[in-house]
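Work through the exercises below with the sequence and the structure at hand. Try each task before reading its solution.

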Amino acid sequence: MKLLTKIDYLDMVFNEALRLLPVVQDNIRECTDDILLNGIRFKKGVAVIIPIYNIHHDPDIWPDPEAFNPERFSPENKVNIHSCAFLTFGSGPRNCLGMRLAYLEAKMALIEVIKKYKILLAPETKVPLKPAFGAVLRAEGGVHVKFESRE
């Protein structure tokens with residue numbers, strides 16, 4: 001049971017990290033029908049940019065959005081998250097097919113690493129991280145870490 005709780009917490013940490021720093025900062029979809037949404041008319045065929053980074057940092061959606069708070073994704077809090085508020089892997093019928101595999105592989109790799117090493121922030125990393133926008137989101141200047149053996 002203790003291991004299950006830790007894995008649940010790893011899920012929460014992983015989701016919060018992806019909320020703060022989604023790999024892709026926006027997504028583009030094509031309107032399949034004419035629609036009026038919040039007073040804005042979208043015509044069929046128009047490309048719509050979904051600003052994932054902005055949604056993930058919107059204080060109207062996420063209280064204190066710049067804070068790292070894995071508890072946002074606890075089972076009791078997760079039920080209150082709107083389905084289009086956390087879009088790291090998209091939403092709906094066109095969400096990422098590889099989402100489950102990506103989660104599984106990342107968690108398995110991370111568990112193997114943290115079993116053997118402590119991961120420490122290296123002095124070269126500038127905190128707080130400043131996003132550098134491009135094809136994928138990254139930290140300006142990079143994120144430098146040190147591995148300290150647990151043995």
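**Exercise 1: Layout and confidence**

Starting at the N terminus, the elements of the protein follow the order α-β-β-β-β-α-α-α-β-β-β-β. The model is predicted.

Task: State how many helices and strands there are, and where confidence is lowest and highest.

Solution.
- Step 1. Count the elements: the protein has 4 helices and 8 strands.
- Step 2. Take the overall score. The average pLDDT is 90, and 96% of the residues score at least 70.
- Step 3. Look at the extremes. Helix α1 (residues 2–20) has the lowest confidence, with a mean of 82. Helix α2 (residues 52–56) has the highest, at 96.
- Step 4. Keep the general caution in mind: where pLDDT is low, predicted coordinates should not be read in detail.

**Exercise 2: Overall dimensions and contacts**

Task: Give the span of the C-alpha trace and the share of residues that count as buried.

Solution.
- Step 1. Along the principal axes, the C-alpha trace spans about 60 × 40 × 30 Å.
- Step 2. Of the 151 residues, 23% count as buried.
- Step 3. Add the surface. The accessible surface is about 11100 Å², and 61% of it belongs to carbon and sulfur atoms.
- Step 4. Turn to contacts. Of those between residues at least 6 apart in sequence, 57% join residues at least 24 apart.

**Exercise 3: Aromatic rings**

Task: Classify the pair formed by Tyr53 and Phe133 as stacked, tilted or edge-to-face.

Solution.
- Step 1. Set the scene: the structure holds 6 aromatic pairs.
- Step 2. Check the geometry. The ring centres of Tyr53 and Phe133 are 5.0 Å apart, and the planes stand at 90°. Planes over 60 degrees apart count as edge-to-face, so the pair is edge-to-face.
- Step 3. Place the residues. Tyr53 is in helix α2, and Phe133 is in the loop between β6 (131–132) and β7 (138–139). The two are 80 residues apart, so the pair links distant parts of the chain.
- Step 4. Compare exposure. Tyr53 is buried, at a relative accessible area of 13%. Phe133 is partly exposed, at 48%.
- Step 5. Look at other rings. Phe14, Phe89 and Tyr103 form one aromatic cluster. The ring of Trp62 has the charged end of Arg19 over it, 5.2 Å from the ring centre.

**Exercise 4: Salt bridges**

Task: Find what Lys107, Glu16 and Glu112 pair with, and say where the partners lie.

Solution.
- Step 1. The total is 4 salt bridges.
- Step 2. Lys107 pairs with Asp11, at 2.4 Å from N to O. Lys107 lies in helix α4 (residues 99–116) and Asp11 in helix α1, so the bridge ties together parts 96 residues apart in sequence. Lys107 counts as buried, at 18% relative accessibility. Asp11 counts as partly exposed, at 24%.
- Step 3. Glu16 pairs with Arg72, with the closest N and O atoms 2.9 Å apart. Glu16 is in helix α1 and Arg72 in the loop between α2 and α3 (75–78), 56 residues apart. Both Glu16 and Arg72 are buried.
- Step 4. Extend that bridge: Glu16, Arg19 and Arg72 are linked in a network of salt bridges.
- Step 5. Glu112 pairs with Lys115, with the closest N and O atoms 3.1 Å apart. Being 3 residues apart in helix α4, Glu112 and Lys115 are separated by about one helical turn. Glu112 is partly exposed, at 39%, whereas Lys115 is exposed, at 53%.

Technical notes
Residues are numbered from 1 along each chain as its sequence is written. This is a predicted model: local features need pLDDT of at least 70, side-chain atom pairs count only at pLDDT 80 or more; totals for chains, interfaces and linings use all residues. Side-chain values use heavy atoms; hydrogens and water are left out. pLDDT is the predictor's confidence in each residue, from 0 to 100. Rings of Phe, Tyr and Trp (its six-membered ring) pair if their centres lie within 6.5 Å; planes under 30 degrees apart count as stacked, over 60 as edge-to-face and the rest as tilted. Buried means under 20% relative accessible area, exposed over 50%, partly exposed in between (1.4 Å probe, protein chains only). A charge sits over a ring if NZ of Lys or CZ of Arg is within 6 Å of the ring centre and within 35 degrees of the ring normal. Contact means heavy atoms within 4.5 Å. Accessible areas come from the Shrake-Rupley method with a 1.4 Å probe; for residues, only the protein chains shown count as cover. A salt bridge is a side-chain nitrogen of Lys or Arg within 4 Å of a carboxyl oxygen of Asp or Glu.
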